[in-house]
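User: Please take a close look at the largest nonpolar core and describe which residues and elements build it.

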Amino acid sequence: MAQVSQDKLNRLEARFADLEAQLAAGGGGEDFVRLSKEYADLEPVVKAIRALKAASSERDGLEDIVAQGGDAELVAMAETEIPALDERIEDLNQRIKVALLPKDAADERNVILEVRAGTGGDEAALFAGDLFRMYQRYAALKGWRVDIISASEGEHGGYKEIIAGISGAGVYAELKFESGVHRVQRVPATEAQGRIHTSAATVAVLPEAEDVDIDIEDKDLRIDVFRASGPGGQSVNTTDSAVRITHIPTGVVVSQQDEKSQHKNRAKAMKILRARLFERERERIDSERSATRRGQVGTGDRSERIRTYNFPQGRVSDHRINLTLYKLDEVMQGLALGELIEALSAEHQSELLAHSDVA
């Protein structure tokens, strides 16, 4: 693997020293915030650069000992230590290259998580509920906050659809590869013959948009209000509090009826609409940049089957990276979901490295 050029390493160290000096000089405002963020982003890179320099210097010293000969025991010790240092230098180079890869601007954002029952009737709704609880548990392990925005429950449990906001550090960076079709194979509780059924649920992970990201004009919106309805269509409210917002240029429609206040339903609907339009724009820009975006890891297309949860065999298979874990219970509890996420992120980084020039 090619190493990052010494000139680039020196420039990064020089920039870090410059940032240190500017921050030490004090001041505030937007400049201070911007410089602090750049400093925080560069700090782990510079630590790895300094560790790389130290390891390279140590290796040079060992090479000198071997070249000079002399004490046989000392030479033998130096020859033994060189391979371990080579591995460390390779690892540090890899870490630096990964750290220098272009960042997804949305990685640190909160997300809107949408889980919908797909094919499979009641069993699909139950599976959608299982998936949502899996993400809830994983979020709890990460110290993230989950707020349910809207939910439509299935007749026998689970959800026909559930939408939630997840907030915390690096949420989108970890969950962005979860978008797609999740398939389950298991024996439903209602199946008397013990036959395995296959059903599916669709997951969408959208980075939360800010007002500055998407300019939505009032003339582009059609807003309808109506009375909220419960199961079977019966009215559950005596006022027109439910809201349906249609973004006319794109045809994107969002409905909200969970709150008793029309104002709150409208605010929630606009939040979801903004996230969906923001993701559409990101996908459009990314597809223009590269037709092979995310390649093997997947496009984030909700129609793409990404994972199968096989209960009889106790396994979870991610089809994008051909990874199978025989830890289905741990995955559904959120405990082993991180293993899948880490493998997907590593594959994504490998692809970026293969097509980048960070040296």
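Analyst: The chain exposes about 19300 Å² (Shrake-Rupley method, 1.4 Å probe), and carbon and sulfur atoms supply 49% of that area. The model is predicted, so to speak of local features requires pLDDT of at least 70 and side-chain atom pairs count only at pLDDT 80 or more, whereas totals for chains, interfaces and linings use all residues. Residues are numbered from 1 along each chain as its sequence is written, and side-chain values use heavy atoms, without hydrogens and water.

Of the 359 residues in the chain, 40% count as buried (under 20% relative accessible area, 1.4 Å probe, protein chains only). The chain holds 8 helices and 11 strands (DSSP runs of H or I with at least four residues, and of E with at least two). Among its contacts (heavy atoms within 4.5 Å) with a separation of 6 or more, 61% join residues 24 or more positions apart.

The largest nonpolar core (buried Ala, Val, Leu, Ile, Met, Phe, Trp, Tyr and Cys joined through side-chain atoms within 4.5 Å) has 34 residues. Leu 113, Leu 131, Met 134, Ile 166, Leu 175 and Tyr 309 touch the most other members. At least two residues each come from β1 (111-117), α4, β3 (159-167), α5 (171-175), β5 (197-207), α7 (328-332) and α8. With 8 residues, α4 gives the most to this core. Setting aside neighbours within four places in sequence, Leu 131 contacts Val 115, His 182, Ala 201, Val 203, Tyr 309 and Met 332. Another core, of 22 residues, lies apart from the largest one and includes Leu 19, Leu 35, Val 45 and Ala 48.

Conventions. Buried means under 20% relative accessible area, exposed over 50%, partly exposed in between (1.4 Å probe, protein chains only).
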